[in-house]
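Colleague: I should be grateful for a close look at a single part of this model. Please describe that part carefully, and then set it beside the interior of the protein.

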Amino acid sequence: MKVAVDQDKCCGAGTCVMLVPDVFDQRDEDGVVVLLDEQPPEQLHDPVREAVDMCPAGAIEVAGAE
């Protein structure tokens, strides 16, 4: 799995950070998503997919490891 984020789309909701803090963080100044791990381990794939589904701005995309 490869994760990508579009910081321009991010609305700073923070759902991704709450779901997978090992993969996502937020900038202190504006809450925009920061990608910590673009290739997370397999045990995080399901929570990352949930973060994609829950992102209100559609700012997270994944490819591979379907």
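Modeller: In this predicted model, D6 counts as partly exposed because its relative accessibility is 29%, a value that lies between the limits of 20% for buried and 50% for exposed. D6 belongs to the loop between β1 (2-5) and α1 (15-19). Within this loop, a polar atom of the D6 side chain lies 2.9 Å from the backbone nitrogen of D8. D6 can also be placed relative to G31: the two are 25 residues apart in sequence, and their C-alpha atoms are 13 Å apart in space.

The interior may now be considered. In soluble globular proteins, nonpolar side chains tend to be buried together. Here the largest nonpolar core has 16 residues, and C16, V20, F24, V48 and I60 have the most contacts inside it. Both α1 and α2 (45-54) contribute to this core, with at least two residues each. One of its members, I60, is in contact with V3, A4, V5, C16, F24, A51, V52 and C55, when neighbours within four places in sequence are left aside.

There remains the matter of empty space. Rolling a probe the size of a water molecule over the atoms shows where such space is left. The count comes to 1 cavity of 30 Å³ or more. The largest cavity has a volume of about 100 Å³. It is lined by 14 residues, of which C10, A13, G14, C16 and C55 are the closest to its centre. By class, this lining comprises 9 nonpolar and 5 polar residues, with no charged residues. C16 thus appears both among the residues with the most contacts inside the core and in the lining of the cavity.

Conventions. Residues numbered from 1 in each chain as written. Predicted model: local features only at pLDDT ≥ 70, side-chain atom pairs only at ≥ 80, totals over all residues. Heavy atoms only, no water. 1 Å grid on protein atoms, 1.4 Å probe; cavity = no way out; pocket = protein on both sides within 12 Å on 5 of 7 lines; lining within 4 Å. Points joined across faces, edges and corners; volume = space filled by probe spheres on them. Nonpolar A, V, L, I, M, F, W, Y, C, P; charged D, E, K, R; others polar. Helix = DSSP H or I, 4+ residues; strand = E, 2+ residues; numbered from the N terminus. Buried < 20%, exposed > 50% of the residue type's maximum accessible area, 1.4 Å probe, protein only. Polar contact = N/O pair within 3.5 Å; in protein donor to acceptor, adjacent residues only side chain to side chain. Core = buried A, V, L, I, M, F, W, Y, C linked by side-chain atoms within 4.5 Å. Contact = heavy atoms within 4.5 Å.
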